[in-house]
Amino acid sequence: MSNPRGVPYSPKRDAGLARDDPYRHAAKPPEPTTCPECHATFTEGRWTWDKAPEDANEQLCPACQRIQDRFPAGFLTIKGAFFEEHRDEIVRLIESHEKKEKAARPLQRIMAMDAKRDGLEVTTTDSHLARGIAEALHGAYKGELKLRYSRDENLLRATWRR
């Protein structure tokens with residue numbers, strides 16, 4: 001089943017995944033808290049890029065913790081001859097999408113972009129970012145997009161091919 005934009009419909013979408021995510025703590029960190037790695041600041045109930053006061057607590061943000069643990073929340077696999085022919089253009093689209101999302105949402109980051117035998121694998125700290133990049137590819141270049149959510153984990157596996 002597809003929506004009018006041609007993107008596969010997923011009843012689960014991204015809703016409800018965070019409740020089972022071990023990287024989303026049940027107790028919020030004390031305010032203000034700053035991440036010693038990326039310098040994001042937890043204030044007013046969310047992580048931002050605002051500068052932390054000097055007396056702020058320190059704690060790794062969920063994105064830096066995922067990066068340290070090498071435990072992605074999203075996998076996007078890109079395959080096909082079209083990718084090989086347009087690699088640089090597609091990588092710029094991916095990086096541009098991440099830059100825009102990361103500016104507004106510090107926990108949405110690309111962990112790695114690894115060349116694979118038949119394409120590229122992008123891992124992200126947030127399933128929403130992986131889905132957003134996959135939808136941006138699909139919107140820009142059409143092709144075939146598959147989204148698969150893990151029932152037991154906060155994990156999205158997306159595959160785009162053309």
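1. Let's start with Thr125. Setting aside neighbours within four places in sequence, Thr125 is in contact with Ala63, Arg66, Ile67, Ala73, Leu107, Gln108, Arg109 and Met111. Keep in mind as you click through these that you are looking at a predicted model. Thr125 sits in the loop between β7 (119-124) and α4 (127-141). Is Thr125 buried or exposed? Its relative accessible area is 5%, so Thr125 is buried. Have a look at its side chain too: it reaches the backbone oxygen of Leu107 at 2.6 Å.

2. Two of those partners, Ala63 and Arg66, take us to helix α1. This helix covers residues 62-69, and its buried residues are Pro62, Ala63, Cys64 and Arg66. What do the buried residues of α1 pack against? They pack against β3 (46-48) and β6 (110-116). Right after α1 comes Arg70, which has a positive phi, near 55 degrees.

3. Next, Glu98, in helix α3 (residues 87-104). You might want to check how much of this residue is accessible: the relative accessibility is 15%, so Glu98 counts as buried. With neighbours within four places in sequence left aside, Glu98 is in contact with Gln108, Arg109, Ile110 and Leu129. Gln108 and Arg109 are also on the contact list of Thr125. Glu98 and Gln108 are 10 residues apart along the chain, and their C-alpha atoms are separated by 7.4 Å.

4. Now for the nonpolar cores. Here is a rule of thumb: in soluble globular proteins, nonpolar side chains tend to be buried together. In this model, the largest nonpolar core has 23 residues, and those with the most contacts inside it are Leu76, Ile78, Ile90, Ile94, Leu137 and Trp160. Several elements give two or more residues to this core: β5 (74-79), α2 (81-85), α3, β7, α4, β8 (144-149) and β9 (156-161). Which element gives the most to this core? That would be α4, with six residues. There is also a second, separate core of 10 residues, which includes Ala40, Trp47, Ala63 and Leu107. You have already met Ala63 and Leu107 as contacts of Thr125.

5. Ile78 is a nice residue to select if you want to explore the largest core. Not counting residues up to four places away in sequence, Ile78 touches Phe83, Ile90, Ile94, Asp118, Gly119, Leu120, Val122, Leu137 and Trp160. Among them, Ile90, Ile94, Leu137 and Trp160 are named with Ile78 as having the most contacts inside the core.

6. Leu137 and Trp160 turn up again around Lys142. Lys142 is in the loop between α4 and β8, and it touches Leu137 and Trp160 when residues up to four places away in sequence are not counted. The C-alpha atoms of Lys142 and Trp160 are separated by 9.2 Å, and the two residues are 18 residues apart along the chain. Where does the side chain of Lys142 reach? It gets to the backbone oxygen of Gly139, at 3.2 Å.

7. On to the sheet. Four strands form an open sheet in the order β3-β2-β1-β4, and the pairing is mixed. Why is one side of β3 and of β4 (57-58) left without a neighbour in the sheet? Both strands stand at the edges and each has a single partner strand, so one side of each has no neighbour there. Further in, β1 (residues 33-34) and β2 (residues 41-43) run antiparallel and are joined by two bridges. If you would like to find one of these residue pairs, Thr33 has Phe42 in β2 as its bridge partner.

8. Last, some backbone angles worth a look. As background, most residues other than glycine have a negative phi, and most peptide bonds are trans. His39, in the loop between β1 and β2, is not a glycine but has a positive phi of about 70 degrees. Glu44, in the loop between β2 and β3, is not a glycine either, and its phi is positive at about 55 degrees. Are these residues buried or exposed? His39 has a relative accessible area of 53%, so it is exposed; Glu44 is exposed too, with 74%. Finally, check the bond that joins Glu31 and Pro32: this peptide bond is cis, with omega about -10 degrees. Pro32 belongs to the segment before β1.

Key: Residues are numbered from 1 along each chain as its sequence is written. This is a predicted model: local features need pLDDT of at least 70, side-chain atom pairs count only at pLDDT 80 or more; totals for chains, interfaces and linings use all residues. Side-chain values use heavy atoms; hydrogens and water are left out. Buried means under 20% relative accessible area, exposed over 50%, partly exposed in between (1.4 Å probe, protein chains only). Contact means heavy atoms within 4.5 Å. A polar contact is a pair of N or O atoms within 3.5 Å; within protein, one must be able to donate a hydrogen and the other to accept it, and residues adjacent in sequence count only if both atoms are side-chain atoms. A nonpolar core is a set of buried Ala, Val, Leu, Ile, Met, Phe, Trp, Tyr and Cys residues joined through side-chain atoms within 4.5 Å. Two strands pair if DSSP finds at least two bridges between them.
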